[in-house]
Amino acid sequence: MPFTGGFQIDLQCRADDPPESFGTEQAVRRWLPRLVGEDCAHQVLWVSRYHFLRKVAGSFADPSGRVLLAGEAAHLFPPFGARGMNSGIADAVAAAEAVSAACSEPSRGPAAVAGYAAARRSAALHNSEAAGAALDHLRPRPWKRAAQRAAATLAPVVPRCGEWLERAPYGPRGGPARGY
């Protein structure tokens with residue numbers, strides 16, 4: 001994908017791929033020329049490894065209602081689809097509203113905290129499922145990969161194939177009420 005001053009290349013390895021064969025600078029300099037050409041392979045600036053996580057806390061508030069979880073303390077999503085930070089911001093806003101309600105009218109506190117915890121966990125579960133759908137699209141089963149390749153080949157002459165590829169679940173196309 002285009003990146004400032006060049007490209008960023010993300011390589012997804014199989015579970016049985018040895019990391020040293022793909023995830024070190026020396027390994028990248030071995031396989032990269034086949035992908036981008038010899039003249040670009042010397043411009044490797046950074047190599048790192050990461051794993052996608054999809055986790056959602058069982059509850060976004062402790063039983064006493066005094067500790068609220070928000071953002072990455074409450075959920076982890078793969079780094080695509082604009083779900084992690086956006087939902088973390090929505091969590092923070094909703095948590096602040098719940099705390100404000102509890103401070104201004106203490107009798108409403110438990111209901112405000114419970115409402116926060118339920119609504120934001122529901123949003124996180126929605127985002128986790130959406131991220132899972134995107135991950136399944138990026139890491140498809142063999143038959144789906146074959147369908148994607150066929151659609152990409154046919155897209156220039158069969159527009160519906162390109163439209164199908166464009167509807168891929170990469171990012172938000174709607175979501176739970178009150179934000180991501």
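Trainee: Why is Arg29 called partly exposed?

Mentor: Its relative accessible area is 33%. Buried means under 20%, exposed over 50%, and partly exposed in between, with a 1.4 Å probe and protein chains only. So Arg29, at 33%, counts as partly exposed. Bear in mind that this is a predicted model, where local features need pLDDT of at least 70, side-chain atom pairs count only at pLDDT 80 or more, and totals for chains, interfaces and linings use all residues. Residues are numbered from 1 along each chain as its sequence is written, and side-chain values use heavy atoms, with hydrogens and water left out.

Trainee: What makes Arg29 and Glu25 a salt bridge?

Mentor: The rule asks for a side-chain nitrogen of Lys or Arg within 4 Å of a carboxyl oxygen of Asp or Glu. Here the N to O distance is 2.7 Å, so the pair fits the rule. Both residues lie in helix α2, four residues apart, about one turn of the helix. Glu25 is partly exposed, because its relative accessibility is 38%.

Trainee: How do you know that the length of helix α2 agrees with what a helix should span?

Mentor: Helices (H or I, at least four residues) and strands (E, at least two) are DSSP runs, numbered from the N terminus. The expected span is 1.5 Å times one less than the number of residues. For the 12 residues of α2, residues 25-36, that gives 16 Å, and the end C-alpha atoms are 15 Å apart, so the two agree. Among the buried residues of α2 are Trp31 and Leu32.

Trainee: Which residue does Asp91 pair with in a salt bridge?

Mentor: Asp91 pairs with Arg120, the closest N and O atoms being 2.6 Å apart. Asp91 lies in helix α4 and Arg120 in helix α5, so the pair ties together parts that are 29 residues apart in sequence. Both Asp91 and Arg120 are buried.

Trainee: And what makes a nonpolar core here?

Mentor: A core is a set of buried Ala, Val, Leu, Ile, Met, Phe, Trp, Tyr and Cys residues joined through side-chain atoms within 4.5 Å. The largest one has 14 residues, and those with the most contacts inside it include Phe60 and Tyr116. Helix α5 (109-138) is one of the elements giving two or more residues to this core, and α5 gives the most, with five residues.

Trainee: Where is confidence lowest in the chain?

Mentor: In strand β1 (residues 2-3), with a mean of 62; pLDDT is the predictor's confidence in each residue, from 0 to 100. Where pLDDT is low, the predicted coordinates should not be read in detail.
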